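Biologist: Please take a close look at one small part of this structure for me, and then work outwards from there. Keep it geometric, and spell out your cut-offs as you go.

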2 protein chains.
Amino acid sequence: MLQAPMAAEILAQATDLVGYAPYLARVPNRPPLHTGAQVRHSSDNGSEMERARLALRLAQSGRDVAVVSGGDPGVFAMASAVFEAIEQGPSVWRGLDVQVIPGISALLAVAAKAGAPLGGDFCAISLSDNRKPWAIVTRRLALAAQAEFAIALYNVRSVARPWQLDAALDMLRQALPGETPVVFARAVSRREEDVSIVALSQAAADNADMRSLVLIGSRHTRWISRSGGGHWVYTPRTVL
Amino acid sequence: MLQAPMAAEILAQATDLVGYAPYLARVPNRPPLHTGAQVRHSSDNGSEMERARLALRLAQSGRDVAVVSGGDPGVFAMASAVFEAIEQGPSVWRGLDVQVIPGISALLAVAAKAGAPLGGDFCAISLSDNRKPWAIVTRRLALAAQAEFAIALYNVRSVARPWQLDAALDMLRQALPGETPVVFARAVSRREEDVSIVALSQAAADNADMRSLVLIGSRHTRWISRSGGGHWVYTPRTVL
């Protein structure tokens, strides 16, 4: 688990932790020098707004609350839900002291494992059509390919959304060379981490599940063969 | 300085540190439990490829080398230069054990200070026309605005590139509402940090220098007034 020192300190100080159960389970018990019990409020994955409102109500009552998120809380994660709840909630919430602690987003962790595919301009797109119409997703993918961005895809697949990733890969095959590198990464920075790099022509959604992030190179992204087998991929900083 | 624990460990173990002088100056001396001197090879800002080749030559000779970068090394930084040097260099470099240690990129640190402006789809574009023609920069900006991405601008200004940021802001004013939030951030996570949020209609390059990152909301990004004065900005996860 990649955890910034600042996050560790704040987690140790909090009187209340609020978060999706598997993320909370990764937070170590706080060191004994802190007095008083730390209360853990765990929830399932679907209820971000409920979680945000619970955290804000606790903070309003004077508790020191940490909302736990995976990766970076600002990237397709809880920070946006908390501010949405503040905007829609009682005006007293606008007086709370809210700090967002940045983390290492999955796109940075995955890129580091594969080489430097985000060395040039890039974008990040959530493939979930729960939160926006699929037509917007495909429009953004097409514009991203035209812009020659490397593309990080979040929320690529779930039981309820099995076909979206293959549809996206099919679209991108129309716009990009078949040898464009595609990085499939599952559970990055966890013990069960699995990272593979394939050509876009061979890429298929079978390689991904709900814990995966998929990174698609731009037309400038290059393959380097490693002596010991396998490849690095990187995007040069210079575009001629 | 936001430093991942893994980076701290690797910096402590290295026999040689290679980097731009101001970044090297932020690395603490390694703890006394490590034996042998740690050699610091500092250089000026312009010579990334020279720096990368020096690091690779040292590694080839058996040294344990850490190349030091600001933010995340994979985002407009040294990792791409190292792989470019490997691709162009002697084949023995393809056998080296190269690890990229992810960090907290400036776009994540800045977003966290402002609220959650990267809560939806986003992109990152370097404004430097040293490394790509200005026509490519403007084309990418126009496509990013069409795609309704929040936009993080890197390398916004230098003594040699004084006009590019105003030109980019002018372009974006043609495509986006005047009230779109623009975050100007200088020296984020440093003592002299300075973050301000203004409307796109008021945004000007005077607010930025070579240590700045500029974050432009999408047309979905929202302002929240804080009771104590000032604002948060966030991009909702849902697009209707």
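Modeller: Let's start with Ile224(B), whose bridge partner in S11(B) is Trp232(B). The two strands here are S10 (residues 222-225) and S11 (residues 231-234) of chain B, paired in the antiparallel sense over four bridges. Strands (E, at least two residues) and helices (H or I, at least four) are DSSP runs numbered from the N terminus, and two strands pair if DSSP finds at least two bridges between them. Five residues sit between the strands of this hairpin, and Gly229(B) takes a positive phi near 100°.

Before going further: this is a predicted model, so local features need pLDDT of at least 70 and side-chain atom pairs count only at pLDDT 80 or more, while totals for chains, interfaces and linings use all residues, and side-chain values use heavy atoms, with hydrogens and water left out. Residues are numbered from 1 along each chain as its sequence is written, with chains lettered from A and ligands numbered from 1 in the order in which they are written.

Now to the sheet that runs through both chains. It is an open one of 10 strands with mixed pairing, in the order S8(A)-S7(A)-S9(A)-S6(A)-S5(A)-S5(B)-S6(B)-S9(B)-S7(B)-S8(B). Its edge strands are S8 (194-199) of chain A and S8 (194-199) of chain B, each pairing on one side only. On average, neighbouring strands are turned by 15° against each other, direction ignored. Inside chain B, S5 (residues 122-126) and S6 (residues 150-154) pair in the parallel sense over five bridges, and Ser126(B) stands opposite Tyr154(B) in S6(B).

A helix lies across each half of that sheet. In chain A, H5 (residues 106-114) lies across S5, S6, S7, S8 and S9, at about 65° to S9(A). In chain B, H5 (residues 106-114) lies across S5, S6, S7, S8 and S9, again at about 65° to S9(B). Axes are lines fitted to C-alpha atoms, for helices over the stretch in contact, and angles run from 0 to 180 degrees between N-to-C directions; contact means heavy atoms within 4.5 Å.

How are the two chains related? Two copies of a chain are related by a rotation about an axis and a shift along it. Here a turn of 180° and a shift of 0.0 Å along the axis lay chain B on chain A with an RMSD of 0.0 Å, so the copies are related as by a two-fold rotation axis. The fit is a least-squares superposition on the C-alpha atoms of residues with pLDDT of at least 70 in both. Cys123(B) comes closest to that axis among the residues of chain B, at 1.9 Å (C-alpha). Both copies use the same surface, with 100% of the contact residues of chain B recurring in chain A.

One helix pair also joins the chains. The axes of H6 (residues 134-146) of chain A and H6 (residues 134-146) of chain B come within 9 Å and cross at roughly 175°, so the two are roughly antiparallel (over 145 degrees; under 35 is roughly parallel, 65 to 115 roughly perpendicular and the rest oblique). Arg139(A), Leu143(A) and Gln146(A) meet Arg139(B), Leu143(B) and Gln146(B). By class that's two nonpolar, two polar and two charged, where Ala, Val, Leu, Ile, Met, Phe, Trp, Tyr, Cys and Pro count as nonpolar, Asp, Glu, Lys and Arg as charged, and the others, Gly among them, as polar.

Chain A has another open sheet, of three parallel strands in the order S2-S1-S3. S2 (39-43) and S3 (65-68) stand at its edges with a single partner strand each, so one side of each has no neighbour in the sheet. S1 (residues 16-20) of chain A pairs with S3(A) in the parallel sense over four bridges, and Asp16(A) stands opposite Val65(A). H3(A) lies across S1, S2 and S3 of chain A, at about 175° to S1(A).

That same helix, H3 (residues 48-60) of chain A, crosses H4 (residues 78-88) of chain A at roughly 65°, with the axes coming within 8 Å, so H3(A) and H4(A) are roughly perpendicular. The crossing is right-handed, meaning the near helix is turned clockwise from the far one by less than a right angle (anticlockwise would be left-handed). In chain B, H3(B) likewise passes H4(B) in a right-handed crossing.
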